[in-house]
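Subject: Structure for you to look at

Hi,

Here is the structure I promised to pass on. Have a look at it first, and then read on for what turned up in it.

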Amino acid sequence: MAVSTSFAGAKLEALLLKSSTAAASTSSWSASPSRVLSSSQLSSFCKPIGSRRAGIHKGVRCEATSASSEVSVQNGQNAISNVSALEQLKTSAADRYTKERSSIVVIGLSVHTAPVEMREKLAIPEAEWPRAIGELCGLNHIEEAAVLSTCNRMEIYVVALSQHRGVKEVTEWMSKTSGIPVSEICQHRFLLYNKDATQHIFEVSAGLDSLVLGEGQILAQVKQVVKVGQGVVGFGRNISGLFKHAITVGKRVRTETNIAAGAVSVSSAAVELALMKLPEPSHATARMLVIGAGKMGKLVIKHLVAKGCTKMVVVNRTEERVAAIREEMKGVEVIYKPLTEMPTCAAEADVVFTSTASENPLFLKEHVEDLPPVGQEIGGLRLFVDISVPRNVGSCVADVETARVYNVDDLKEVVAANKEDRLRKAMEAQAIIAEESKQFEAWRDSLETVPTIKKLRAYAERIRAAELEKCLSKMGDDIPKKTRRAVDDLSRGIVNKLLHGPMQHLRCDGSDSRTLSETLENMHALNRMFSLETEIAVLEQKIRAKVEQNQK
């Protein structure tokens, strides 16, 4: 895949500047792992999880040439001496950046690999994503970038010109922005390359990498990455294409497998059961009370919010935990009440969730039978959903006609059945992801031929224009406009028909039987036949122009 000169320019200039100081010692350039490496050496050095893609050209190693070549005199002129070592370094560097294929890389820390304290420091607010993309793409070996930062993960997706250098630069950037030492980040990060990176974001979008299998919030967060990235320089064709395809995968998995259906934890089952028992029109208006703001209570609140609840009362011993939950749940009204007000709060609630560590019941029959009845629009029954062990709601409460009690045992069987069902659906989802990954890889592979298509068209157009001009000049100055236009149309038609076959053999989007290797062979053959490779001199001119622009 040809490298975008707007990004590759500055990176190559930086590399050339470094190489100029090392020109006197080219042997160290060849030996050092931080210098230009061949593809096979790079793969060995990085030990990537994902295999390198087809079509990568091996980098050219430079060899020092003798500075004292013999000079002969012929026809009165001095012969040109051998190319200097510095020029060979430049050629080698340009060859690497124009011929070696870029890699999609994920550098991430998630709830599966890193503690929450670290994820908090690394988290990047949504408003800062464009700035982060800009800074990442300013690194020497990063072309494109995207940030996926949620409460459960902090993942950076990049298109890197060099895998190991790109990972090193991004990790150092993460350390700089968070204050966490590089060594500590390396202990908890995970790295994925190319096909593995593609499969990962597809699994994330489908909810297969979430704590709750199939949860839907992550798909909305992936959509937000695309929305924020639109128009941001650095959120380029490869990364934006990857995330847009991930959204398609997430939607397809949820539609075809219904993986999000059914609660898979006690807290989610508690919320789902309560809403199941309430009349559907009352879901948005039912008064919710959560007693206990510990881990389970917090999960109940989260699942209520996920189901559309925007207001609830939380009774807890202290306000500190409730305040933290309120801060995390933006846009949701979480009202704190102390334990002393629990009876009053229960009297005003339609659904009571209990999740405290109390060893004695909080509600007995005598406490509940005196509570005012709930409205008929709620079903006329006050629901007690007790997920505590020991139980917070005495079994005697079930004797009250206006109350219904559900405990952990009522929920476990539902959770177990739902988990088994979701695992089956996850296997179906993997089949969908494999299919979609193949389609994305074919799309990305097809991009590698785009520069050749453009250069071939430009080459043909130059010849057409030159020959047309010769023809018209021979026909004289008094050619009618209609004749001139007819000759021009004739030349364009001939060129387009001649190019049709080669263009068809340069396209490989998975829609026909043509293989990628065949398409790439055609590309290389056309590059050789028509001398379409980028000239080093032209590339250097673009680099200098970009550097001068950045210095203004």
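To start with a small one: which residue in β6 does Val105 stand opposite? That would be Tyr193. Before you build anything on this, keep in mind that the model is predicted.

That pair belongs to some wider strand pairing. β3, which covers residues 103-110, runs antiparallel to β6, and four bridges join the two. Both are part of an open sheet of four strands, ordered β4-β5-β3-β6, with antiparallel pairing. The edges are taken by β4 (142-149) and β6 (190-193); each has a single partner strand, so one side of each has no neighbour in the sheet. On average, neighbouring strands here are turned by 15° against each other, if you ignore direction. Helix α7 (residues 163-178) packs on this sheet and touches β3, β4, β5 (153-160) and β6. The direction of α7 makes about 35° with that of β3.

Now for the part you may want to load into your own tools: the pocket. The largest one has a volume of about 2000 Å³. It is lined by 47 residues, and the closest to its centre are Cys151, Asn152, Gln217, Lys302 and Glu328. As for elements, those that give two or more residues to the lining are α5 (116-122), α10 (217-229), α12 (266-277), α13 (295-306) and α14 (320-328). The largest share comes from α13, with seven residues.

What is the make-up of that lining in nonpolar, polar and charged residues? The split is 19 nonpolar, 14 polar and 14 charged.

And why does the largest pocket lie between domain 1 and domain 2? Because domain 1 (98-257) and domain 2 (266-408) both give residues to its lining.

Two backbone details to finish, in case you plan to check the geometry:

- Val389 and Pro390 are joined by a cis peptide bond, with omega at about 0°. Pro390 sits in the loop between β11 (382-386) and β12 (403-406).
- Asn194 has a phi near 50°, which is positive although the residue is not a glycine. You will find Asn194 in the loop between β6 and α9 (195-206).

That's the lot from me. Shout if something looks odd on your screen.

Cheers

How values were computed
Residues numbered from 1 in each chain as written. Predicted model: local features only at pLDDT ≥ 70, side-chain atom pairs only at ≥ 80, totals over all residues. Heavy atoms only, no water. 1 Å grid on protein atoms, 1.4 Å probe; cavity = no way out; pocket = protein on both sides within 12 Å on 5 of 7 lines; lining within 4 Å. Points joined across faces, edges and corners; volume = space filled by probe spheres on them. Nonpolar A, V, L, I, M, F, W, Y, C, P; charged D, E, K, R; others polar. Domains from an automatic or database assignment. Pairing = 2+ DSSP bridges. Axes fitted to C-alpha atoms, helices over the stretch in contact; angles between N-to-C directions. Contact = heavy atoms within 4.5 Å.
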